[in-house]
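Reader: Could you take me closely through one part of this model, setting out how its pieces are arranged and what they contribute where they touch?

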Amino acid sequence: MMPAAVTPLFPGKDQKEMLFGYLDAGSGSLILQAILGGAAGILVAFKAWKARLVGRKALADAESDVDDPAVPADS
Amino acid sequence: MHLADPGSFRDPASHIVLDGERVIRILDERGLRAWEALSQSSFFNTATDDGRLIDANPLDSAPAGAAGALEHPRVPFISYPYEWTFSMLKDAALLQLDLLMEALAEGLTIKDATPYNIQFVSGSPVFIDIGSFESYSPGEPWIGYRQFTRQFLFPLLLRARLGIPFQPWLRGNPEGPTAADMRNLMGFWERLKPSILLHVSLQARMEQRMSGTAVRDELKTAGFSAELILANARKLRRLVERLQWSGSGAGWIEYESCRHVGRDREAKSEFLGNAISAHSPHRVIDLGANDGHFSTLAAESGAVAIAVDGDEPVLDALYRNGSPVSIVVSDLTNPSPSQGWAEQERPGLTERAQPDLVIAYGLIHHLIYTASIPPPAVLDWLAGFRCPAVVEFVAPGDEMVAKLTANKIEAELHPGRSQGEFESELARRFETLDTRTLGDGTRVLYRVRPLAG
């Protein structure tokens with residue numbers, strides 16, 4: 001498994017999705033602008049934040065399964 | 001023959017090339033689709049008609065390899081945000097937000113938010129980067145929000161809330177201060193204000209926590225919409241509109257109170273008028289322009305007039321009075337250099353100005369006595385413009401020179417400051433075409449032309 005601190009140097013899924021064009025929009029700023037949109041936006045930001053946490057947990061679980069020699073690769 | 005504009009290369013979909021005096025925008029397939037969407041919107045016609053958006057005419061044939069090409073009118077003089085006054089940057093910010101809101105209303109968006117896409121033509125901001133518009137994809141956030149805060153909002157906050165001039169910061173780092181920089185600059189009470197809390201503190205915190213994570217899909221799935229961008233843009237507009245700088249116009253009163261200003265103004269205007277009649281300049285640079293009186297005379301003659309001064313309050317008042325001159329805030333002993341990518345992206349002030357008449361009224365004694373520039377070096381610099389000039393010489397006995405040297409001793413001053421020595425040095429570089437002595441005889445005007453070769 002690639003250490004988390006090294007991954008930004010090797011563009012994977014996360015980095016590809018960050019690229020909107022020639023401008024780096026900044027992930028935190030993107031979530032923030034939902035909040036700045038008002039009450040409806042706060043709900044959108046919360047959902048996006050929650051989805052992000054769920055996604056990260058799923059990714060972490062999948063990676064720990066692959067790293068664990070006791071768990072068959074196809075399980 | 002097309003020459004690439006050294007300042008237009010970041011967007012692969014759209015870039016500018018120069019063909020003599022013509023300005024051509026080259027589009028790839030994506031850029032062409034974006035242009036077609038923009039040109040079919042009603043807001044494009046409205047914004048170009050009222051001068052807020054630069055005109056664009058499609059060309060029948062595009063260069064090899066391009067999907068399309070447009071021609072724009074040439075902007076007479078390019079200036080950069082680090083040369084603007086507070087009110088100029090503020091008006092540019094409002095234009096950026098207005099165009100974003102109008103574009104969103106018709107299913108378009110602006111994919112960046114940088115003041116480098118705005119220029120001032122005849123005293124008004126004009127959005128010049130047609131290539132920044134593209135169709136809005138439902139659920140997408142405003143990509144330019146962070147850039148807007150760094151290059152518009154934070155520089156304005158620096159001046160309005162902290163009293164710090166933004167120009168040196170933007171000249172040092174054209175990306176502008178980060179949210180973290182701003183948070184570190186803000187005091188405790190300032191940080192409690194809602195606008196600072198949200199755009200500065202919260203943004204800094206979220207940028208730190210979420211660096212390098214992808215959020216676009218999550219935002220789309222969560223229901224992000226153009227309405228949220230519009231709500232944010234409306235609030236930002238109200239915030240920017242309320243920002244005021246108390247220093248604006250302060251220098252004006254000080255300048256107007258100088259005795260020689262009123263006394264000599266008419267004679268200097270007439271002398272300049274004669275120079276304009278004699279040389280019919282197309283581009284005039286007014287070095288040390290102060291309140292812009294002489295630049296305005298040049299502009300009224302039909303020339304592109306560039307007013308350069310380090311005094312931002314005076315130039316800000318000039319801008320707010322609706323002057324058509326091109327305004328540049330710059331210390332003439334340290335003018336804007338060539339910088340950016342390969343030191344060519346943003347050419348230096350002299351390279352951009354290309355004047356055919358120089359006004360140097362009330363200037364050279366400040367360079368000699370305040371900035372300690374040797375008199376021959378001042379004349380070398382003026383000769384470097386390679387065009388006629390009107391120059392005001394101020395003799396050592398003048399009351400202003402007495403003020404400038406009040407705390408200096410003779411040994412600290414460069415030699416060659418007398419009128420005779422000045423004329424001798426002048427004759428080594430210029431042919432004198434006209435002279436006039438002003439007021440009490442301590443000030444003399446010269447109209448000169450560089451010696452051939």
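Author: What follows is a close look at chain B, beginning with its domains and ending with a group of paired strands.

The model is a predicted one, and its chain B is divided into domain 1, covering residues 3-55, domain 2, covering 81-242, and domain 3, covering 250-450. Taken over C-alpha atoms, the centres of domain 2 of chain B and domain 3 of chain B are separated by 36 Å. The contact between these two draws 14 residues from domain 2 of chain B and 15 residues from domain 3 of chain B. On the side of domain 2 of chain B that touches domain 3 of chain B, at least two residues each are supplied by helix 3 (86-104) and helix 5 (167-172) of chain B, and helix 3 of chain B gives the most, with three residues. In character, the residues on that side of domain 2 of chain B divide into seven nonpolar, five polar and two charged.

The strands of chain B offer a second view, centred on strand 5, which spans residues 68-72. Strand 3 of chain B, residues 22-27, pairs with strand 5 of chain B in the antiparallel sense over five bridges, and within this pairing Ile24(B) stands opposite Glu71(B) of strand 5. Strand 4 of chain B, residues 57-58, also pairs with strand 5 of chain B in the antiparallel sense, over two bridges, and here the bridge partner of Asn57(B) is Glu71(B). Glu71(B) in strand 5 of chain B therefore faces Ile24(B) and is also the bridge partner of Asn57(B).

Key. Residues numbered from 1 in each chain as written. Chains lettered and ligands numbered in written order. Predicted model: local features only at pLDDT ≥ 70, side-chain atom pairs only at ≥ 80, totals over all residues. Domains from an automatic or database assignment. Contact = placed C-beta atoms within 7 Å. Helix = DSSP H or I, 4+ residues; strand = E, 2+ residues; numbered from the N terminus. Nonpolar A, V, L, I, M, F, W, Y, C, P; charged D, E, K, R; others polar.
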